[in-house]
Amino acid sequence: MNHRLHLRLEHLERATNRLLDTVEAMGERATVAPGPEQWSAVQVVQHLLVAETGVGQYIEKKLREADTLRPTGLAGFLKSRLLRLALRLPGLRFKVPRYLAELTPAEVPALPELRSQWEATRRHLERLLNEYPGKLLSRAIFKHPRSGMLTIHQTLDFMLDHVLHHQKQVERIAASVQKAGAGS
């Protein structure tokens, strides 16, 4: 695996484990939504799992069409940076893309099952990265719904920032349900 890809994957692993540990520490409250039309911490985990599964599937599909991949250029670089900034701004919320919402099962599995599924999904991503052709590192491989085509490095940066964005959300949920539980 390319060294830069390996480093990004390690950062993603640490962030994911931190998020899962935070949700696990909530115990039964991890399934409690802080309010109507809001996600529970376990639903956040499910969302991230569905998103990462979709990213892996998209990359795999695009690798089969490797000869059609194009460089992203300066515009792609700038859009990627704006996406990273947006995901790091506190309090900024995004609507889940419709196609991703449609892929999310209505039933939310228990956290241990989600953790297991995520581990399998992550190992699949790791295999893709281990076999990733060096000649495609500067080519657009993933289409983000808001920022457009990203290189594999930019895709991993997005995935990391996505997890970190939702880490903050999980922390807010934990504080909210803890406060609500203390008041009852």
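# Briefing: salt bridges, pocket and surface

Lys62 and Glu65 form a salt bridge, with 3.5 Å between the closest N and O atoms. The model is predicted. The structure holds 13 salt bridges. The largest pocket contains about 850 Å³ of space. A nonpolar patch on the surface has about 440 Å² of accessible area. The points below take these topics in turn, then turn to single residues.

**The Lys62–Glu65 pair**

- Lys62 is buried, because its relative accessibility of 15% falls under the 20% limit.
- Glu65 has a relative accessibility of 28%, so this residue counts as partly exposed.

**The Asp161–Arg84 pair**

- Asp161 and Arg84 form a salt bridge, and their closest N and O atoms are 2.5 Å apart.
- This pair links distant parts of the chain, with the two positions 77 residues apart in sequence numbering.
- Asp161 belongs to helix α6, and Arg84 belongs to helix α3.
- Are Asp161 and Arg84 buried or exposed? Both residues are buried.

**The Asp21–Arg115 pair**

- Asp21 and Arg115 meet through their side chains in a salt bridge, at 3.1 Å from N to O.
- Here too, distant parts of the chain are linked: Asp21 sits in helix α1, and Arg115 sits in helix α5, which covers residues 111-130.
- The two residues are 94 residues apart.
- Asp21 is partly exposed, because its relative accessibility of 42% lies between the limits of 20% and 50%.
- Arg115 has a relative accessible area of 25%, so Arg115 is partly exposed as well.

**A salt-bridge network**

- Which residues are linked in a network of salt bridges? They are Glu13, Glu52, Glu119, Arg122, Arg123 and Glu126.

**The largest pocket**

- About 850 Å³ of space lies in this pocket.
- The lining of the largest pocket is made of 33 residues.
- Trp39, His47, Phe94, Val96 and His166 are the lining residues closest to the pocket centre.
- Five elements each give two or more residues to the lining: α2, α3 (73-88), α4 (98-103), β1 (142-144) and α6 (152-183).
- Which element gives the most to the lining of the largest pocket? Helix α6 does, with eight residues.
- The lining has 17 nonpolar residues, ten polar ones and six charged ones.

**The nonpolar surface patch**

- Leu82, Leu85, Leu89, Leu92 and Phe94 make up this patch on the surface.
- Their accessible area together is about 440 Å².
- Phe94 is also one of the residues closest to the centre of the largest pocket.
- Leu92 is placed in the loop between α3 and α4.
- Leu92 has 35% relative accessibility, so Leu92 counts as partly exposed.

**The loop between α1 and α2**

- This loop follows α1 (3-25) and leads to α2 (41-64), and Gly27 lies in it.
- Gly27 is partly exposed, because its relative accessible area is 44%.
- How far apart are Gly27 and Thr68 in space? Their C-alpha atoms are 47 Å apart, and the residues are 41 apart in sequence.
- Glu37 also has its place in the loop between α1 and α2.
- Glu37 has a positive phi, near 60°, and is not a glycine.
- Most residues other than glycine have a negative phi.
- Is Glu37 buried or exposed? Glu37 is exposed, because its relative accessible area of 86% is over 50%.

**Two helix positions**

- Tyr58 is part of helix α2.
- Tyr58 has 22% relative accessibility, so Tyr58 counts as partly exposed.
- Tyr58 and Arg127 are 69 residues apart along the chain, and 14 Å separates their C-alpha atoms.
- Thr121 is found in helix α5.
- Thr121 is buried, because its relative accessible area of 16% is under 20%.
- Thr121 and Arg139 are 18 residues apart in sequence, and their C-alpha atoms are 23 Å apart in space.

Technical notes
Residues are numbered from 1 along each chain as its sequence is written. This is a predicted model: local features need pLDDT of at least 70, side-chain atom pairs count only at pLDDT 80 or more; totals for chains, interfaces and linings use all residues. Side-chain values use heavy atoms; hydrogens and water are left out. Helices (H or I, at least four residues) and strands (E, at least two) are DSSP runs, numbered from the N terminus. Buried means under 20% relative accessible area, exposed over 50%, partly exposed in between (1.4 Å probe, protein chains only). On a 1 Å grid over the protein atoms alone, a cavity is a set of points where a 1.4 Å probe fits but cannot get out, and a pocket is an open set with protein on both sides within 12 Å along at least five of seven lines; lining residues have an atom within 4 Å of a point. Grid points are joined across faces, edges and corners, and a volume is the space filled by probe spheres set on the points. Ala, Val, Leu, Ile, Met, Phe, Trp, Tyr, Cys and Pro count as nonpolar, Asp, Glu, Lys and Arg as charged, and the others, Gly among them, as polar. Patches are made of residues with over 30% relative accessible area and no salt bridge: like charges are joined within 9 Å, nonpolar side chains (Val, Leu, Ile, Met, Phe, Trp, Tyr) within 5 Å. Accessible areas come from the Shrake-Rupley method with a 1.4 Å probe; for residues, only the protein chains shown count as cover. A salt bridge is a side-chain nitrogen of Lys or Arg within 4 Å of a carboxyl oxygen of Asp or Glu.
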